Amino acid sequence: MEEMRNMNTMPCEMTSHEQDHSTSKKHHHHTHAHSSAHGVGHHLLQVEDLCVSFSMYEQNDSARFGDYLRSEKHEVRVIDGLNISVHEGEIVAVVGASGSGKTLLADSILGLYEPNSLVSGCIWFDGQRQDAASLRRLRGHEIAFVPQSVKALDPLMNVGRQVRGFTSLNGMSKRDRAKRQEELFERYGLPADVGKMYPHELSGGMARRVLLCCALMTSPKLLIADEPTPGLDLDLAVTAMEDFRTLADDGVGVMLITHDIDLALRVADRLAIFKDGSVIEETSVAAFKEGALETEFSLQLRDALPEFGFIC
């Protein structure tokens, strides 16, 4: 992957991701929740030993501008040896501190790489090993995305056209897309005339609801939601979570990246605990609530929640 060029050549644990998982309680670095299943013999998404670094110039505050341009480069690793999985029909909530690399994980799965990034590891989707080009082809079709920033909306296009899209979405006609937009707007409390508005005319909460509508227009196999609820009031945030749960119950895999652990615990099946650029523990929500955890950081994260009494 130098822009993921090395991904297809880097050795993985298996040359095929088909495997009988029924005989092992723990495999591929995770245990199962009660609802976890391998209906087609493999995980929907499996990320193995993902490493993401950035090639950067050495910083020297005292150097003149010309000297700075002659500075040597060094490699800054942000994600290191990361493993995570998502099964069909389940929600995996990725939780952890800000700056730990959660959004970079989402970008990697979507095939979004900066020119100075160095990426290695293996990503399997629906049993097929992927590279940067194939991940880009999946994006917006079999893999849908709810971005963290409302700046993802095109400032020069009204939001109705952005939600509906311009090409056929999984066989939907123009009329079907218009009807689906109407249904989504009604569900998320967006008046019909919002479709004629531009992003700068929306409040922050409205813009986030539009992003949700964009992602939910398709029928993806995997939905990645990166902090989808900030700016939403509690009722709308709960509605969004319930929609993710409904999608999962219909067989869609959902990766929910969030700081709101309380909301995640309402709908998720498993938690992936993130720290310093890696998933240090994957566990079921039931095990998290019970405190049956393997790492001290996971226990501290749990005990800091009001539900568990702010244990110090």
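1. A residue counts as buried here when its relative accessible area is under 20%. Gln130 has a relative accessible area of 7%, so Gln130 is buried. Please keep in mind throughout that this is a predicted model.

2. Let us stay with Gln130 for a moment. Where does Gln130 lie? Its place is the loop between β7 (128–129) and α3 (132–138). From there, the side chain of Gln130 reaches back to the backbone oxygen of Gln128, at 2.9 Å.

3. Strand β7 leads us to a sheet. Four strands, in the order β4-β3-β6-β7, make up an open sheet with antiparallel pairing. At its edges stand β4 (73–86) and β7, each of which pairs on one side only.

4. Within that sheet, look at β3 (residues 45–57) and β6 (residues 117–125), an antiparallel pair joined over 8 bridges. To find your way along this pair, start from Glu48, whose bridge partner in β6 is Cys122. Helix α2 (residues 102–110) lies across β3, β4 and β6, and its direction is at about 110° to β3.

5. Now for the other sheet. In what order do the 6 strands of this open sheet come? The order is β8-β9-β10-β5-β11-β12, and the pairing is mixed. The edges belong to β8 and β12 (278–284); each has a single partner strand, so one side of each is left without a neighbour in the sheet. From one strand to the next, the twist averages 15°.

6. Strand β9 (residues 222–226) deserves a careful look. Because 5 of its 5 residues are buried, β9 is largely enclosed by the rest of the structure. Its side chains alternate in direction: Leu222, Ile224 and Asp226 point one way, Leu223 and Ala225 the other way, and all are buried.

7. What flanks β9 in the sheet? One partner is β8 (residues 143–146), which runs parallel to β9 and is joined to it by 4 bridges; here Ala144 stands opposite Leu223. The other pairing to follow is with β10 (residues 253–257), again in the parallel sense, over 5 bridges. Asp226 of β9 stands opposite Ile257 in β10.

8. Strand β5 (91–96) can be read in a similar manner. Why is β5 described as largely enclosed by the rest of the structure? The reason is that 6 of the 6 residues of β5 are buried. Ile91, Ala93 and Val95 point one way from the strand, while Val92, Val94 and Gly96 point the other way, and all are buried.

9. The pairings of β5 are parallel too. With β10 there are 4 bridges, and the bridge partner of Ile91 in β10 is Val254. With β11 (residues 270–275) there are 5 bridges, and Gly96 stands opposite Phe274 in that strand.

10. Between β9 and β10 in the chain comes helix α7 (residues 234–249), and the three elements make a right-handed β-α-β unit. The helix has 16 residues and reaches 22 Å from its first C-alpha to its last, close to the 22 Å expected at 1.5 Å a residue.

11. Both ends of α7 have something to show. At the N-terminal end, Asp233 acts as a cap, with a side-chain oxygen 3.2 Å from the backbone nitrogen of Asp235. Just after the helix, Gly251 takes a positive phi of about 105°.

12. Along α7, the buried residues include Leu236, Val238, Met241, Phe244 and Leu247, but also Asp243 and Arg245. Which elements do the buried residues of α7 pack against? They pack against β5, α5 (174–187), α6 (204–216), β9, β10 and α8 (261–267).

13. Finally, here is how helix α2 sits with respect to the strands of points 5 to 9. Helix α2 lies across β5, β8, β9, β10 and β11, running at about 150° to β9. Helix α7 packs on the sheet as well, touching β5, β9 and β10, and its direction makes about 150° with that of β10. If you are tracing the model on screen, α2 is a handy thread between the two sheets, as it also lies across β3, β4 and β6.

Technical notes:
Residues numbered from 1 in each chain as written. Predicted model: local features only at pLDDT ≥ 70, side-chain atom pairs only at ≥ 80, totals over all residues. Heavy atoms only, no water. Buried < 20%, exposed > 50% of the residue type's maximum accessible area, 1.4 Å probe, protein only. Polar contact = N/O pair within 3.5 Å; in protein donor to acceptor, adjacent residues only side chain to side chain. Pairing = 2+ DSSP bridges. Contact = heavy atoms within 4.5 Å. Axes fitted to C-alpha atoms, helices over the stretch in contact; angles between N-to-C directions. Right-handed = clockwise from strand over helix to strand, strands pointing away. Expected span 1.5 Å × (residues − 1).
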